Amino acid sequence: MADNYADMVLTTGMGDIRRDPWLKASIDAFADTVGDLGPVLDVGCGPGTVTGYLAERGLDVSGVDLSSRMIENARRLHPGCRFSVASATDLDLGEASLGGVLGWWSLFNLPRDILPQVLAHFARALMPGGHFLTATHVGDEDAVRTEAYGGVSVRWTTHKWRPEQLVDLIEQAGLRPVAELRLPADETRGPGVVIMAKRPA
Ligand SMILES: C[S@@+](CC[C@H](N)C(=O)[O-])C[C@H]1O[C@@H](n2cnc3c(N)ncnc32)[C@H](O)[C@@H]1O
């Protein structure tokens, strides 16, 4: 599955923020904001598309993903970047050690009752003034997927969030939302939302 995902990134541009001006603008705004603050961690980095983009922009960025195969692909595609295998639920992050954290189309995989703890952990790991950026699928349901990325059999659940619910969780974690971008459904995807939030100084 990870190999198919990485192939589709290369052949179709899936997940390539350079092809979507709004997603690219969000990542650029994040990069402009956190660039000089400190290290950035891309959590659920997959094949490292965004990690690689941020590294090209000169950020001190690394990526982690639960899937060792995704990390193999990330290392192959972005040999100049640092990647490691780890779960968002089990990261060893120092207090106030990061300038930025990304959960870019990855946190919807976390069970609903786990996400608040993960957000709180991210919030503690951010320096005052550090930023969190997330993009996720919008809705009310838990969508069970049995096929993905070119017909590969999978079994995972996408926990969709209503933007206001997610904003509440982010605030409860101790972060202050600073921007929200709604992405209406189009012919290729369902609705989504991008939220950026800050650890108050
Ligand atoms: C849809 S992909 C997005 C990858 C990348 N962020 C991008 O935008 O191209 C979701 C990624 O989240 C990873 N993931 C799922 N659960 C995770 C967890 N608990 N911790 C870390 N990564 C996780 C998956 O392995 C997958 O690579």
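1. Pro39 and its surroundings. In this predicted model, Pro39 sits in the loop that links α2 (21–34) to β1 (40–43). Its relative accessibility is 29%, so Pro39 is classed as partly exposed. Although 21 residues separate Pro39 from Asp60 in sequence, their C-alpha atoms are 5.0 Å apart. Asp60 is also among the residues that Pro39 touches; the others, once residues up to four places away in sequence are set aside, are Ser97, Leu98, Gly99, Gly100 and Met127. Leu98, one of these partners, falls within β4 (98–104).

2. The loop before β4. Ala96 belongs to the loop between β3 (82–85) and β4 (98–104). The phi angle of Ala96 is near 55 degrees, a positive value in a residue that is not glycine. Most residues other than glycine have a negative phi, and the backbone at Ala96 therefore deserves a look during inspection of the model. Ala96 is partly exposed, because its relative accessibility is 29%.

3. The loop after β4. Trp105 is located in the loop between β4 and α5 (115–125). Trp105, too, has a positive phi without being a glycine, here of about 50 degrees. With 22% relative accessibility, Trp105 counts as partly exposed; the limit below which a residue is called buried is 20%. Pro111 is found in the loop between β4 and α5 as well. Pro111 has a relative accessibility of 37% and is therefore partly exposed. Between the C-alpha atoms of Pro111 and Thr158 there are 8.8 Å in space and 47 residues along the chain.

4. His159 and its contacts. His159 is part of strand β7 (residues 152–159). A relative accessible area of 12% places His159 among the buried residues. The side chain of His159 makes a polar contact of 3.0 Å with the side chain of Asp142. Asp142 also appears in the contact list of His159, which leaves aside neighbours within four places in sequence and further comprises Phe108, Asn109, Leu110, Pro111, Arg112 and Glu141. Pro111 thus links this point to the preceding one: Pro111 is in contact with His159 and lies in the loop between β4 and α5.

5. The cysteines. Which distance separates the sulfur of Cys45 from the closest cysteine sulfur? The value is 9.4 Å, and the partner is Cys81. That separation is too far for a bond, given that a disulfide requires sulfur atoms within 2.5 Å. Cys81 is likewise in no disulfide, the sulfur of Cys45 being the nearest cysteine sulfur to it. Consistently, a search of the whole structure returns zero disulfides. Cys45 is buried, because its relative accessibility is 8%. Cys81 is buried at 15%.

6. The ligand and its shell. The ligand is surrounded by 17 residues, of which Gly44, Asp65, Ser87, Ala88 and Trp104 are the closest. By residue class, the shell holds 10 nonpolar, six polar and one charged. Backbone N or O atoms approach nitrogen atoms of the ligand at several residues: a backbone atom of Gly44 lies 2.8 Å from a ligand nitrogen, and one of Trp104 is likewise 2.8 Å from a ligand nitrogen. For Leu66, the corresponding distance is 3.3 Å. The ligand taken alone exposes 600 Å², of which the protein buries 89%. Trp104, one of the closest residues, is at the end of β4 (98–104).

7. The chain as a whole. Six helices and nine strands make up the secondary structure assigned to the protein chain. Of its 201 residues, 50% are buried. The exposed area of the protein chain is about 9,500 Å², and carbon and sulfur atoms supply 50% of that area. When contacts between residues at least 6 apart in sequence are considered, 64% of them join residues at least 24 apart. The contact between His159 and Phe108 offers an example of two residues that come together from separate parts of the sequence.

Note on methods: Residues are numbered from 1 along each chain as its sequence is written. This is a predicted model: local features need pLDDT of at least 70, side-chain atom pairs count only at pLDDT 80 or more; totals for chains, interfaces and linings use all residues. Side-chain values use heavy atoms; hydrogens and water are left out. Buried means under 20% relative accessible area, exposed over 50%, partly exposed in between (1.4 Å probe, protein chains only). Helices (H or I, at least four residues) and strands (E, at least two) are DSSP runs, numbered from the N terminus. A residue is near a molecule or strand if one of its heavy atoms lies within 4 Å of it. A polar contact is a pair of N or O atoms within 3.5 Å; within protein, one must be able to donate a hydrogen and the other to accept it, and residues adjacent in sequence count only if both atoms are side-chain atoms. Accessible areas come from the Shrake-Rupley method with a 1.4 Å probe; for residues, only the protein chains shown count as cover. Ala, Val, Leu, Ile, Met, Phe, Trp, Tyr, Cys and Pro count as nonpolar, Asp, Glu, Lys and Arg as charged, and the others, Gly among them, as polar. Contact means heavy atoms within 4.5 Å.
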